[in-house]
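Open the model in your viewer and keep the selection tool at hand. The stops below cover two helices and then a set of charged pairs.

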Amino acid sequence: MEAARRVLLLGEGNFSFAASLCGAAGTHVVATCYESEAEVCGRGRAAESIRRLREAGAEVVFSVDCTRLKDYFLPEQRKFDCIYFNFPHCGRKAGVAKNRELLARFFHSSAEVLTEEGEVHVALCNGQGGTPADQPRREWHNSWQVVAVAAGAGFILSNVHPFKAETICGYKCTGYRSQDKSFCIEGALNHIFTRSTPLPNTKPMICKMELESRKVSFQVPQVLVDKINRGFLELNSNHPVRAVKEKLTADLSQAFPLKNFDYCLSLLHQGHLNGVCHSNIFWIILSPEETPSTEEMSRGAAKAVLFSQVDFCRDTDKNGWVNVQEGCHISKQYYLRPSLLPYARAIIQRGAFLPGTLHVFSGPVFRKCLITPYSMPVFHEVVFVCAVNRSTENRCIQMLVNSIKASICSLHQTVSGFKLSISLQEATNLETAQLNDFAAFESQLGKIQYFVCVEGDTSGSCEKGACVGIIRTELVSSELVVFASLNLDLLAMLICGISDWRMLWTSDTRFLRQFPGGELRLFKSFSLYPPFYVHDVSFWVPDGEQFDEVAFHTIARQVSGEMVVSIQLMDSFHQSETGRKSLCYQLTFQSCDKALSRQEVAEMQLLFRKEINQRLRVTLR
C-alpha cells in the first residue's frame, strides 16, 4: 500500500484552509499555527475547523515556530511532501526587511523537513513577491524578493498561479496585523518552490587516451569539466540534441545515400588551423599517462575519464607547435577540436570517400568565446559532406538545403504548431558584425557561400543568434566537395523553445523528463524568474599588452560555473600622464536551473577578481 502524502500547513489563522484539505484521499494533514490553542480558539470558526480536522485524523499542533520546524517533529516524522505557508507575516506593522528575514529563515527550516521531491507553497498578497507574475509589480527593493530569498536555502520557483480563495471550500483569511480581521487577497499568488540541484563543485578531470601508440593524458579545461563526456549523441540518449540529429539524418537519407563517420573522430587536433584566432582555442598540454594519486582519488580531489579514440587529426602541413611547458615528453601542441571540418577533409584526402554519398560527421566541438545568449564554449556539430561534379554543384546544394529546411520546419511545426521560416543567405551579403559567434568562427575556417538562417523579422534579415548553419564548397584532392555544417544545440533550442543554451547541459533530471523516449516537445522551464545579481570590476591593463577579452570571459565562466550571463564594458579610461589604460566591466550573474544566492555570487566575484589579477596580470582598482 502506498504511503500517505504528508502535508504540513504553517501559520494557520483559523484553520479553515487546513480543514478544506483534510478530506483528500491518500493525504495526511499536519496543521499548525504560531499561537497557543487558547489564543486560536477565540477566533471565529477556528474551534469548528479544529474539530473537523481531528475527526478526519489530521494532526493539529499549536505554538509552532516556522523557523525551527525540525524541533517539533521526531526524526522519522520530519519528511513532508508538501509545505503550505499562506500569507506569512511577522505581525503588526513589520516592514519588508523583517518579512524577508522571516521568509529566509522559514525556507532554511523547510529544507530540513521536506522530501527531496517535495514542494513548498507560499501564498503572498499582490505585489509582495516581487516577480513579473505580480501585476502591478512593485519596485524590487520594496518587495519581499521571495525568489532570491528562497535561493539562499537552495529552492527555485517552479510554478506560480493565482491564489483563488473562492475555490477553497470554507476558507476565510484572517490575521490582519495579528488581529482576527480579514485582509485583501485580490490578485494574490501561490508560489511553488522545489529543491534545486546544488551548484557544481567541479573537481579536476584527467582524460586518458591512446595517441600514436602511446598512452597519454591531459587535464580537461576547468570550464569544460561538466561537459566533456556527457554522451548526448549516444544510442541510449533521450537528449533533444540527439533527437534533432536523428530526424535530420533520417530525412536526408530520403534524398541521399548516407554514411556515418562518428565513431572515428578524436577529441584532439594537432597543429595549426589557418586563419583561426588562437584565443578561441582550448589548448591542451599532453603528458605521458599519469594516474591521480591514491590520496587524490580517495578524497575526491580528481577523477579520470578513459576515452576510446585512438586516432587524432593532423593538419595537412604537418607543422606542430612547440610545447611551452618545459620538460613535457611530447613536443607537439594539441587542442580540443573546434570543428569537425578538418576530419571530413582528412577522410577525403585518404580516399575513404564515396562519390554521390552524403557523409555524416557529428560530435561536440569546443570554442572559447565571449559570453552572450547564443555563444557556447561547447556544442554539438553535424557536418554533411558530399562530393559533386561542377555541373551538378548548385543542384546538389539546393537538394541538400531543401532537405535540411524541410526537416527543421517539420520538426518545429510538429513541436510548436507554428511554421518556421528558414532562409539561405549569401555570405557576401552579411557583415561580420551581423554574425553570431557560431557563424563568425565558421568564417575563420574557410570561405563560406551561404548561411542557413532563421528569419527574425519580415524583412528576412539574419538577426544575431539566428544563424544555425553554413554551406561551403571546396576543392579537396581534386574533388569538388559540398560541406553543410549545422549547430545542433541551436536547432534544439529553436525547435523546443529553450531560451538559454545552458539548460541543454543541466544535470537536473526535470529537463530530460520532458523528452520521454527522445520525443521532442516544447520545453517548460522548472526555474521561473531566477534572481540576478550585478557586480562591477575595474582594473588597469598591463602596460604595453593587448587585453585578451576572450580570456577574461573564459575566466568568468570558470569561476562562476557558467553563472555569468552578461559582461558589459561600462567605461574605458586612458591616463594621459602615464599612458595607462583602465577598464570597467559589469558582470551579471544568473542561473537558469539552480538556486543562486547573493552570498554565493559575492564569493564568485571575489574569486574572479583574484583570478584575473593572477592570470591576466591586471591591477585591480
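Which strands and which helix do the buried residues of H14 pack against? Keep in mind while looking that this is a predicted model.

**Stop 1: helix H14**

Select residues 598-615, which make up helix H14. The helix has 18 residues, and its first and last C-alpha atoms are 26 Å apart, close to the 26 Å expected at 1.5 Å a residue. Now colour Val601, Met604, Gln605, Phe608, Glu611 and Ile612, the buried residues of H14. They lie on the same side of the helix, because the arc they cover around the axis is only 130°.

To answer the opening question, add strand E23 (532-540), helix H13 (549-560), strand E25 (581-590) and strand E26 (619-620) to the display; the buried residues of H14 pack against these elements. Then turn to the face of H14 directed away from its buried side, where Gln599, Leu606 and Gln614 are exposed. Past the helix, select Arg617, which follows H14 and has a positive phi, near 60°.

**Stop 2: helix H9**

Go to residues 393-416, helix H9. Its 24 residues should span 34 Å at 1.5 Å a residue, and the distance between its end C-alpha atoms, 34 Å, agrees. Gly417 follows H9, and its phi is positive, near 85°.

**Stop 3: salt bridges**

The count of salt bridges comes to 22. Start with Glu116 and Arg195, whose side chains meet in a salt bridge at 3.9 Å, N to O. Glu116 is in strand E5 (residues 114-124) and Arg195 in strand E7 (residues 189-195), so this pair ties together parts that are 79 residues apart in sequence. Is each partner buried or exposed? Glu116 is exposed, with a relative accessible area of 59%, whereas Arg195 counts as buried because its relative accessibility is 17%, and the cut-off for buried is under 20%.

Next, select Arg472 and Glu474, which form a salt bridge at 3.9 Å, N to O. Arg472 counts as buried at 1% relative accessibility, and Glu474 counts as buried at 16%. Widen the selection to Arg345, Arg367 and Glu442: together with Arg472 and Glu474, these residues are linked in a network of salt bridges.

Finish at Asp500 and Arg502. Their closest N and O atoms are 2.8 Å apart, in a salt bridge. Asp500 is buried, and Arg502 is buried as well.

Terms used
Residues numbered from 1 in each chain as written. Predicted model: local features only at pLDDT ≥ 70, side-chain atom pairs only at ≥ 80, totals over all residues. Heavy atoms only, no water. Helix = DSSP H or I, 4+ residues; strand = E, 2+ residues; numbered from the N terminus. Expected span 1.5 Å × (residues − 1). Buried < 20%, exposed > 50% of the residue type's maximum accessible area, 1.4 Å probe, protein only. Arc of directions from axis to C-beta. Contact = heavy atoms within 4.5 Å. Salt bridge = Lys/Arg side-chain N within 4 Å of Asp/Glu carboxyl O.
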